[in-house]
Amino acid sequence: MSESIDHLRDTILRLAADYHAAAFTPKPFIPGVTPVPVAGRCLDAADLQHLIDASLDLWLTAGRFADQFEKDLAHFVGVRFASLVNSGSSANLLALTALTSPTLADRQLKPGDEVTTIAASFPTTVNPILHNRLVPVFVDILPGTWNIDASQLEAALSPRTRAVMIAHTLGNPFDLDAVTTFCKKHHLWLIEDACDALGSTYANKNVGTFGELATCSFYPAHHITTGEGGAVMTSDPKLKKLVESFRDWGRNCWCEPGKDNTCGKRFDSKLAFDDQGRDRKGATGTDPHPPSLPHGRSLTVAALIHTCNYDHKYIYSHIGYNLKATDMQAAVGVSQLRKLPTFIEKRQSNFHYLHQSLSDLSEFLILPQATPNSLPSWFGFPICIREGMPFTRENLIRHLNKYQIGTRLLFGGNLLRQPAYLGIPHRQIGDLKNTDLVMRQLFWIGVFPGLTHEMLDFTAAQIRTFIKNH
């Protein structure tokens, strides 16, 4: 029976490869007709086979592929742990929320504490700060790298500063020497948002290994994809447990889905209640609030406390979420990760090809610069219109759009000028003039592995034609 099932599975997977070859044959590029997207998924027959292989298990939550993907990803990045979640945005939320756990004692982030960040970012780098009732402190960025101006960090410091949370812009690492030195000097947490930077290196080390926590995203636009998906990475076992507690409903138990009693003490956890049924002492430690005596009674505290064993699987240490991913997503991730070195090489090659093609236009355009001491795994190719030009960003991107060449703005530009962020509690350092420059004059085009030199040549030619005509 087992041999028959294995044979059927092999047949299905072989047919899946045949289907992919028939259904997804490449089409010729027709300039001006075929879209030149800024990003896209690069999926092959192996990815489809992995997806179907996982689906045949009918194990629809995290399972064997999730375990493998987490281990493979952690090994690639160079951290001890990677915790799979349902999106990069969820990864950012969990990474910061983990630091609000009371188990961190004097390092716990509390409402009103400040987190240094930048406003020229994707919203979900900043949103977790606001969701946790913390205060974002915005510093400006540098032209060219479009990353944090680390010289402003000391000016942003206050007695309430407790953490730094910033992204590596479009795959370009921020100045990790300056930022890590600042964080160590002032005993601050560092969270690296590496959602756009998987495979980028700084000082020959992968980004995601410098902070206490880091995140990545597997949305179709990113370096590898699981459709939807993300991960939180750390080398600290305590932080890993906190991330997974908040990810898994806030529970104290670390049993995997469908498994019981991993700790061997499932029914031995003690909970204490006062005579009104209120929890006085949970599984995480001491109770900061002593029991309050009912009016008109003069009983000792000891007389009011009753203990009971409680199923550890249903003890909740934190107010959490359900942000897990599925095994089918993880299966695609396992397959995609094997191709990541090739994807990184292609992104870097496409970036340098574009940079060389546009280098003689630097009188009109601010072209991107890699941060010193870094080797980016570029997410996109940012282009900024210089001040005083006889054309605008809108003029240029409308021209490119006419020829099916995709463009994107740098996310929210200056988030403080976006409707959702008007009136939020925050501080800012200076006038954020370069952040405003991004909002007015910068856009980016693609370098992802699905783009050919023919597509890049056409893109560069259209930019050149537009500038010549203006």
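Analyst: In what follows, a residue is buried under 20% relative accessible area, exposed over 50%, and partly exposed in between, with a 1.4 Å probe and protein chains only. The structure is a predicted model, in which local features need pLDDT of at least 70, side-chain atom pairs count only at pLDDT 80 or more, and totals for chains, interfaces and linings use all residues. Residues are numbered from 1 along each chain as its sequence is written, and side-chain values use heavy atoms, with hydrogens and water left out.

User: Why is R133 called exposed?

Analyst: The relative accessible area of R133 is 61%. Exposed means over 50%, so R133 counts as exposed. R133 lies in the loop between helix 5 (123-131) and strand 3, and its phi is near 60°, a positive value in a residue other than glycine. Helices (H or I, at least four residues) and strands (E, at least two) are DSSP runs, numbered from the N terminus.

User: Is L58 counted as buried or exposed, and why?

Analyst: L58 counts as exposed because its relative accessibility is 68%, set against the limit of over 50%. The residue is placed in the loop between helix 2 (45-56) and helix 3 (64-77). Its phi, near 55°, is positive in a residue other than glycine.

User: What makes strand 3 (residues 135-139) mostly covered?

Analyst: Five of the five residues of strand 3 are buried. V135, V137 and V139 point one way, P136 and F138 the other way, and all are buried. In the protein, buried residues make up 53% of the 470 residues.

User: How do you know that strand 2 (residues 114-118) and strand 3 pair?

Analyst: Two strands pair if DSSP finds at least two bridges between them. Five bridges join strand 2 to strand 3, and these strands run parallel; the pair therefore meets the rule of at least two bridges. I118 stands opposite V139 in strand 3.

User: What makes strand 1 (81-85) and strand 17 (427-428) edge strands?

Analyst: Eight strands form an open sheet in the order 1-9-8-5-4-2-3-17, with mixed pairing. Strand 1 and strand 17 are the edge strands, as each pairs on one side only. Within this sheet, strand 8 (residues 213-217) and strand 9 (residues 230-234) pair in the antiparallel sense over four bridges. The bridge partner of A214 in strand 9 is M233.

User: Which strands pair with strand 18?

Analyst: Strand 15 (residues 381-385) pairs with strand 18 in the antiparallel sense over four bridges, and strand 16 (residues 408-409) does so over two bridges. The bridge partner in strand 18 is L442 for C384 and F443 for L409. From strand 18 (residues 442-445), L442 and W444 point one way and F443 and I445 the other way, and all are buried.

User: How do you know which residues line the largest cavity?

Analyst: On a 1 Å grid over the protein atoms alone, a cavity is a set of points where a 1.4 Å probe fits but cannot get out, and lining residues have an atom within 4 Å of a point. By that rule, the lining consists of V36, P37, L354, I405, G406, I445, G446, L451, L456 and T459.

User: What makes up that lining by class?

Analyst: Ala, Val, Leu, Ile, Met, Phe, Trp, Tyr, Cys and Pro count as nonpolar, Asp, Glu, Lys and Arg as charged, and the others, Gly among them, as polar. The lining of the largest cavity accordingly has seven nonpolar, three polar and no charged residues.

Notes
On a 1 Å grid over the protein atoms alone, a cavity is a set of points where a 1.4 Å probe fits but cannot get out, and a pocket is an open set with protein on both sides within 12 Å along at least five of seven lines; lining residues have an atom within 4 Å of a point.
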